[in-house]
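Reader: I am new to this structure and would like to understand the words used for it. Could you take me through them one at a time?

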Amino acid sequence: MARKFNFSAGPAMLPTAVIERAQQELLEWNGSGMSVMEMSHRGKEYMSIAAKAEKDLREVMSIPDNYKVLFLQGGASSQFAMIPLNLMGDKTSADYMNTGMWSKKAIAEAKRYCNVNIAADTSEGGFTSVPTQAELKLDPDAAYVHYTPNETIGGVEFDYIPETGDVPLVADMSSTILSRPLDVSRFGMIYAGAQKNIGPAGLTIVIIRDDLLGKASSITPTMFNYAIHAENDSMYNTPATYSWYVAGLVFEWIREQGGLTAMATVNRRKADKLYAAIDATDFYGSPVAINARSWMNVPFTLADAELDAAFLAGATERGLVTLKGHRSVGGMRASIYNAMPEAGVDALVTWMQEFESNPG
Ligand SMILES: *Cc1c(COP(=O)(O)O)cnc(C)c1O
């Protein structure tokens, strides 16, 4: 067996230890006589799996007690509609920062439900930087401020948490959640699709402060209402049971690695190694402002784009796969989430150096 180093932006690698554990438990979970996939979500076995996953996530992220954790479906993309539907209350507008392809999508969807004030916009620079706190044009009467701390496609990451006063801060953390310690209390709501840094696709995690529940607009579909999901422990309908279970194994794995502090140390080192390799030569380049460089998604270009295909082919031969950049950006993108071993980054750096000295 040769597991590849998969640099996909998502679905992304899972820790091998987690997949092995799932494999051990695949046919029969813990003497229950059945697979987790076959369990009633209301049975005591599954309820214990679900509760443990939540408990471990709360522990790993130090989530305060006045926040609910919801295990939903529909991807981060459904949140783009759920957020305005649930959080507008009696306000008329919400602040959005436009810093890349994902915030752009969030904004387009929000405009169907509320007035959107663009509090910052980095599109002119091609989404290669983050706005400073002083540049934010925040409306003190906004229902909330939405931003994307890590833009997965552009590889642009905020190096600070915006200060928004009494206005709740809402963050799409799909590609950065669990990458380092985080002060959850700074946020009104955090959400993330699972398939990047949490677990398998099909699960979406929402962490929401209690006082933001119960304000949904009357047209909100039942399945889009956070309060309904909170009241029902995310079991109003059948949840993504298996994805939830595997996410629980990932939370345990993070704890075993030493928690988010340990994750941050390794992630920092992985990113530093890769950016150092990019910066070491004019053969490679990064379009992203240095202070805005993502730890998780590292886009880079070859000075001679004619060499892209040869670079990718050689990488694939070495087991370094899914490095092709997003169609909107071009070049390469290495997504190096928690589950990407440091050895994968080392192998990529070695290949970059080898290719430069002998570019096909
Ligand atoms: C991947 C991604 C999404 C979309 O997630 P889905 O679960 O596919 O809907 C949204 N926002 C960010 C920042 C992402 O990285």
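Author: Gladly, and let us begin with empty space. On a 1 Å grid over the protein atoms alone, a cavity is a set of points where a 1.4 Å probe fits but cannot get out, while a pocket is an open set with protein on both sides within 12 Å along at least five of seven lines; lining residues have an atom within 4 Å of a point. Grid points are joined across faces, edges and corners, and a volume is the space filled by probe spheres set on the points. By that reckoning the structure holds 2 cavities of 30 Å³ or more. This is a predicted model, in which local features need pLDDT of at least 70 and side-chain atom pairs count only at pLDDT 80 or more, whereas totals for chains, interfaces and linings use all residues. Residues are numbered from 1 along each chain as its sequence is written, and side-chain values use heavy atoms, leaving out hydrogens and water.

Reader: What lines the largest cavity?

Author: Its lining residues include Met13, Leu14, Pro15, Lys196 and Trp253. The space in the largest cavity is about 50 Å³.

Reader: How is the lining of the largest cavity divided by class?

Author: Ala, Val, Leu, Ile, Met, Phe, Trp, Tyr, Cys and Pro count as nonpolar, Asp, Glu, Lys and Arg as charged, and the others, Gly among them, as polar. On that basis the lining has 7 nonpolar, 2 polar and 1 charged. For the second largest cavity, with about 40 Å³ of space, the classes are 5 nonpolar, 3 polar and no charged residues. Tyr337 and Met340 are among the residues that line the second largest cavity.

Reader: How much space lies in the largest pocket?

Author: About 450 Å³. Of the 26 residues lining the largest pocket, Glu157, Phe158, Asp159, Arg180 and Trp295 are the closest to its centre. Helix 7 (residues 259-279) gives the most to this lining, with 4 residues. Helices (H or I, at least four residues) and strands (E, at least two) are DSSP runs, numbered from the N terminus.

Reader: Why is the ligand said to sit in a pocket?

Author: A molecule sits in a cavity or pocket if more than half of its atoms lie within 2 Å of its grid points. Here, the space taken by the ligand is the second largest pocket.

Reader: Which residues come nearest to the ligand?

Author: A residue is near a molecule or strand if one of its heavy atoms lies within 4 Å of it. There are 13 residues around the ligand, and Ser77, Thr152, Asp172, Gln195 and Lys196 come nearest. Helix 3 (residues 75-87) supplies the largest share of this shell, 4 residues.

Reader: What makes the pair between Ser77 and the ligand a polar contact?

Author: A polar contact is a pair of N or O atoms within 3.5 Å; within protein, one must be able to donate a hydrogen and the other to accept it, and residues adjacent in sequence count only if both atoms are side-chain atoms. A polar side-chain atom of Ser77 lies 2.6 Å from an oxygen atom of the ligand, so the pair meets the cut-off. For Lys196, a polar side-chain atom is 2.7 Å from a ligand oxygen atom.
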